[in-house]
Amino acid sequence: MEKLAEIIIAIHSDELDRPFTYRVPPHLEVRPGSRVVVPFGSRRLEGYCVAVTEAEPAGGPFKDIEEVLDIEPLLTEELLELTRWGAKRYLCRRVDFLQAMLPPGVRWTAEKLVRYKGDGEPTDQALATLKEKGRLPLAEWRRNFPELTLQQLHLLESKGIIEIINRDNRGVKEKKVKTAVLADRDGPVLNLGEKQKQALDFLKRQKGSATLAQLARAGIGRSTVLSLERKGWLLVRETVTRRRPEPAAELPEQDPPPLTADQEEALRKIREGLDGGQGKILLYGVTGSGKTEVYLQAIATVLAWGRASIVLVPEIALTPQMIERFTCRFGDEVAVLHSRLSAGERYDEWRRVSTGEARVVIGARSAVFAPVRNLGLIVLDEEHEHTYKQEESPRYHARDIAMWRAGWHGAVTVLGSATPSLETFFLARKGDYTLCRLPARVAGRPLPAVEVVDMREELKSGNRSMFSRPLAAALTGVLEGGRQAILFLNRRAYATFVLCRSCGHAMRCPECLVALKYHSVDTALRCHYCEHSEPYPIACPACSGRYIRHFGTGTQKVAEELQKMFPGSRIGRLDADTTARKGAHRQILSSFRRGETDVLVGTQMIAKGLDFPNVTLVGVISADTSLNLPDFRAGERTFQLLTQVAGRAGRGEAVGRVVVQTYSPHHHAVLTAREHDYESFYQQEINARRELGYPPFSVLAKVLFAGPDEGKTAAAAESFALVLAGQAEMLGPSPCPIPRIRGQYRWQLVLKAHSLHSLLAVLRLTAAEYRQKVRFDQVKMTIDVEPQNLL
């Protein structure tokens, strides 16, 4: 009998996405969930153990596992089973799920390096470059000199002119630092210098230990420490240190506030679910109704029962405020997981969760995979947000993963929103979820009054400014009264396109066929899809005319015009441009909270979840940006954005006001948002969905084809449609609304079915047949089950 392990290799290939059997040598301990290094063909690759058995080696001989990368397996039995389910549910590779679950930066990779070993000066350019650089990655060297063949490489190596070196990159690890620790020694401090006495006093104040870096900051050098070590007064050893994310602003500790009757009822339902070992709850509450306090008190119950919780937020911008509130309540029990942390910080936080040191996890979408051992509660705050759906493989929805994990652990899932997705509210009304309502704001505060301004009438009256007269007057009142305002426009940059007025030429991205946006900070045109950048043209590149200028409005321009209108005001901006730097979210929002900013201009980052008591005015510069998109969810997303951003006003003692500017004042999404009337909007929208057969009355899948050649890409989509013909309702194939991104032409089919099961069955068979029969070079096919984005 031999121990055999089933290993999934870290290769992104549909054909190779299956377990391969390897022998476990006697000196290695391999368990399910372990990462290993295995020989695969001529390469050494990382793999993931999904099963271990003891059996007679039938079908062998099997290759040996070379190395185990982790002392303890990184993946639990639950997470391994989730990868199996997820690959079937989303028709993707299992290895994609395995890698999505691990903290970034832990990947093991083998790299080949090449260095020059010959004598004299090489005459060949490739060798001359190699000698100059000293040592280069082999792949980079061959990329720069594509004429180098494998035969030439072997010849150069055999002659001793070059040397090829294998190097393992083991990724991020625990951080270790040198630490001085007081020795267990009594007696008078004799024959010690002043610096040495100072060092001992400092260590005593630090409870007996301090890192050498801490001692250096206190003016105590390494030589002093080593001298004390030689004399037996202290020991110097390596200790593991935690890389902490930027600490939350310290809030005063406070007891949980008394709950309203509606909050009490919601909390009771959650506790009932915890008692029963299951529960799916929709917490539907207006903005400012205290949903977060319900989460906090539910988590306190879960912790008291010895279990853990995961809280998901849709925007990284929301995490600083959530971290502050949760850390104030639960202290070091809180771990933070999101993409703005460094690889080391994420790894350390991930390990704290895995070991059980932290039992409350807060993070964005990928935090749903946190390695929690005894899960009691998962919360999706602002559950309606499309950002919970991953746009790259694996294309999972965090809500579905949360439901699966809650089922495994016997935990409760809470979906919270003031504007639930239509699918979620439909299921709640059917009884699939328990519906808990919070119909009023806490402390009896009123919802803000919403005024809709018809910008067509503003134009007729001669106002060509981006600010309507009601909004300008409201801003004046707020600034004079010492209050704060938020202005929302879901479009960053300064201007949305640049056009020649002589010939009509529009500046477009050469890779994406979309208009380049003008950014005034560095006078550049940028593509928001591939980040292509070029200088602002002095003359038209098509006709050499000089009548070229920018049009449209983005957040940069709003902030600039606002500064001109109110010269003494302090204007802040929160969008993807201003938050590119680490910690910028926290800095901008903290400044606003402290009253150092009078008006905050931003994109959808400011539209949800933020709580600033001094904000009494919210202005929506244009409600039309998402209203006319070619997507059946356009009306729903517009209503959600308007309602959510309106909810930022009037959350303190002062009454709030909202001004919405639009060219579509009679659209039902605008009219119902004006009244804060979600259920009327829901009723109108659900009737339209029923009539057209869109979700929740059907299940959709998008099959996307992308390639550098438009003809081949279109042919691939049409070939897939022929294979699929007659098996499902199909829209397309057709070019995507954005037909090219990053140099790749894009065609798509949208499939409709009455059930998820039937849709997956048809797609699985069709995709397999297509891959066997059809081959189009460089055309990539991807399947997105239940897509949130049809652009």
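Select Val311 and Ile362: Ile362, in strand E15, is the bridge partner of Val311. Strands here are DSSP runs of at least two residues and helices of at least four, numbered from the N terminus. The model is predicted, so local features need pLDDT of at least 70 and side-chain atom pairs pLDDT 80 or more, while totals for chains, interfaces and linings use all residues. Residues are numbered from 1 along each chain as its sequence is written, and side-chain values use heavy atoms, without hydrogens and water.

Next, select residues 308-312, strand E13, where five of five residues are buried (under 20% relative accessible area with a 1.4 Å probe, protein chains only; exposed is over 50%, partly exposed in between). Ala308, Ile310 and Leu312 point one way from E13, and Ser309 and Val311 the other way.

Add residues 360-363, which form E15: four bridges pair E15 with E13 in the parallel sense (pairing takes at least two DSSP bridges). Then add residues 375-381, strand E16, parallel to E13 and joined to it by five bridges. Here Ile378 stands opposite Ile310.

Move to Phe720. Among the residues it touches, beyond four places in sequence, are Val703, Leu749, Tyr770 and Met781 (contact is heavy atoms within 4.5 Å). Phe720 is one of the residues with the most contacts inside the largest nonpolar core, which has 110 residues. Such a core is a set of buried Ala, Val, Leu, Ile, Met, Phe, Trp, Tyr and Cys residues joined through side-chain atoms within 4.5 Å. Apart from it lies another core of 28 residues, including Leu274 and Ile362.

Finish at Ser591, in helix H18 (residues 584-593). Ser591 counts as buried because its relative accessibility is 14%.
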